[in-house]
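Here are a few worked exercises to try with the model open in your viewer. Have a go at each task before you read its solution.

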Amino acid sequence: MATLNAPRGTRDLLPEETPAWDRVEAVARDLGRRYAFDRIETPLFERVELFARGLGESSDAVEKEMFRVSGAAGSDEDRAGWALRPEPTAGIVRAYVEHGLHVRPGPLRLTMTGPMFRYDRPQAGRYRQFSQWDVEVIGDPGPAVDAELIELATRFYAEVGLTDVVAHVNSIGDAECRPGYRNALVEYFSQHLDRLTDDSRRRLEVNPLRVLDDKALAPDLADAAPKSADHLCDACRDHFRTVLDLLDALGLRHVVDHRLVRGLDYYTRTTFEFVIAGREGQQQALGGGGRYDGLAELIGGRSTPGIGFGIGLDRTILAMAEQAVTLPPPAPLVAVVGTGDDHASRLRVAGRLREAGLAVRPDGSSRKLGKQLEAAAKVGARWAVIVGDELERDEVGLKDLDSGEQRTISLDEVPGSIRG
Ligand code: HAM
């Protein structure tokens, strides 16, 4: 019979890969606590309309990459159309509006970690199911929080052990100044239609900012294109200036990147992305985010400023492997083995050691002791606790599987001896 494989663009994380995931998730959780974020969870799927309104019909995520799911065929709900979430921000803002969270003392600081889905062409660092650590601050117009979030993401990369991560920042203006900038882009690129890809020509009509996002755009054409920073209204210019001043004051490594328009329509003002310095353009961003002051209204709520970022955990872990980041050593593993056939004693001893916080793997076989010890070493145990007749006196053998040294000690002393 033919074997069955994981769907294209998805991956199984085998046990040797999960310690890196544990590490980045632990750093994210701890930073969430230290930066005073509260956890929120939203469904893995939502109405297609939420993403169409929030992210924009012409965003790649909606236009090309919606991972549609169907419910019971023919039901009203099914006709409404569902999609697996391509990103968390729209769902979080939907929950904010739906539950009237604006009445809570704010600004709200919300965080979530979990899988996202985009039906994209799979390649290295681009998957159909991937994970993000997401943070959102809703109800804060900035600009201090803009800098605080860029600082938080920068700290995340440092704490997982990555070096040379640099923040690219830009401002794409707001409802007041963006139309003028769009017109300037249309006017400029219309003179160079012959040098644009088909995709860019189409984007020029529906969302001209996204032409700057086209990886195939000729560098000279991109460099000479109108810059959003030159078309900002006074309020947006002041906002952007203050964000940059704050980043300087915090000593955060950043560059102003005029091409950074981001792929989702909800963004206003500050946008940012994180890449490894010197590798811009060659690789995809490790994370990105920005301000979305109009999103709550698009979703049917009252006008509410917001800003956040999503860090791609898959790409973060790939970068950690490239930079050969070492992970903290795992807790030492203890095997419980026995001379006789007394499995009740082995399980009881294992239970006592686990109560003391140790990671314990009892041998459930009746093989010879030597075989059990060999097997323990093979699965990575650092210590073996040998259960035999001495257990009557509440004693066991403790064998250091590295040095081979062995002694008899009281069971209560085992955790202390192992931890040194
Ligand atoms: P995004 O830039 O679309 O932003 O995604 C954030 C990060 O998710 C990317 O920088 C990348 O590391 C990772 N990522 C995106 N697509 C894939 C993929 N197909 N495979 C692997 N990793 C991927 C957002 O999603 C916004 N919601 C961020 C945000 C939060 N803005 C405001 N608040």
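**Exercise 1. Work out the strand order of the eight-stranded open sheet, and find its edges.**

Step 1: the 8 strands of this open sheet run in the order β1-β5-β6-β11-β10-β9-β7-β8, with mixed pairing. Strands here are DSSP runs of E with at least two residues, helices are runs of H or I with at least four, and both are numbered from the N terminus. Two strands pair if DSSP finds at least two bridges between them.

Step 2: look for strands that pair on one side only; these are the edge strands, β1 (38-39) and β8 (254-256).

Step 3: zoom in on one pair. β6 and β11 (residues 306-312) run antiparallel and are joined by 7 bridges, with V135 opposite F309 in β11.

A word on the ground rules: this is a predicted model, where local features need pLDDT of at least 70, side-chain atom pairs count only at pLDDT 80 or more, and totals for chains, interfaces and linings use all residues. Residues are numbered from 1 along each chain as its sequence is written, and side-chain values use heavy atoms, with hydrogens and water left out.

**Exercise 2. Find the largest nonpolar core and say which elements feed it.**

Step 1: get the term straight. A nonpolar core is a set of buried Ala, Val, Leu, Ile, Met, Phe, Trp, Tyr and Cys residues joined through side-chain atoms within 4.5 Å. Buried means under 20% relative accessible area, exposed over 50%, and partly exposed in between (1.4 Å probe, protein chains only).

Step 2: the largest core has 46 residues, and F51, L55, F189, L212 and L217 have the most contacts inside it. At least two core residues come from each of α2 (48-55), α3 (60-63), α5 (89-98), β5 (108-117), β6 (129-138), α7 (178-190), α9 (219-223) and α11.

Step 3: there's another core, apart from this one, with 45 residues, including L244, I276, L286 and L313.

Step 4: pick L217 and list its contacts (heavy atoms within 4.5 Å). Ignoring neighbours within four places in sequence, L217 touches F189, L196, V211, L212, A222 and R259.

**Exercise 3. Which face of α14 is buried, and what does it pack against?**

Step 1: α14 covers residues 369-378, and Q372, L373 and A376 are buried in it.

Step 2: look down the helix axis. The buried residues of α14 fall within an arc of 100° (taken from the directions from the axis to the C-beta atoms), so they line one face of the helix.

Step 3: the buried residues of α14 pack against β12 (333-338), α13 (343-355), β14 (383-387) and β15 (395-400). Just after α14 comes G380, with a positive phi near 95°.

**Exercise 4. Describe the surroundings of β15.**

Step 1: 5 of the 6 residues of β15 are buried, so the strand is largely enclosed by the rest of the structure.

Step 2: β14 and β15 run antiparallel and share 4 bridges; W383 has D400 as its bridge partner in β15.

Step 3: β15 also pairs with β16 (residues 406-410), again antiparallel, over 5 bridges. V396 sits opposite I409 in β16.

Step 4: check the turn. The β15 and β16 hairpin has 5 residues between the strands, and G404 takes a positive phi near 85°.

**Exercise 5. Hunt for backbone oddities in the loops.**

Step 1: scan omega. G106 and P107 are joined by a cis peptide bond with omega about -10°, and P107 is in the loop between α5 and β5. The bond from G142 to P143 is cis too, with omega near 5°; P143 falls in the loop between β6 and α6 (144-159).

Step 2: scan phi for positive values outside glycine. A36 has one of about 60°, in the loop between α1 (18-34) and β1. D164 has one of about 65°, in the loop between α6 and β7 (165-171).

Step 3: is D164 buried or exposed? Neither, quite: D164 is partly exposed, at a relative accessible area of 41%.
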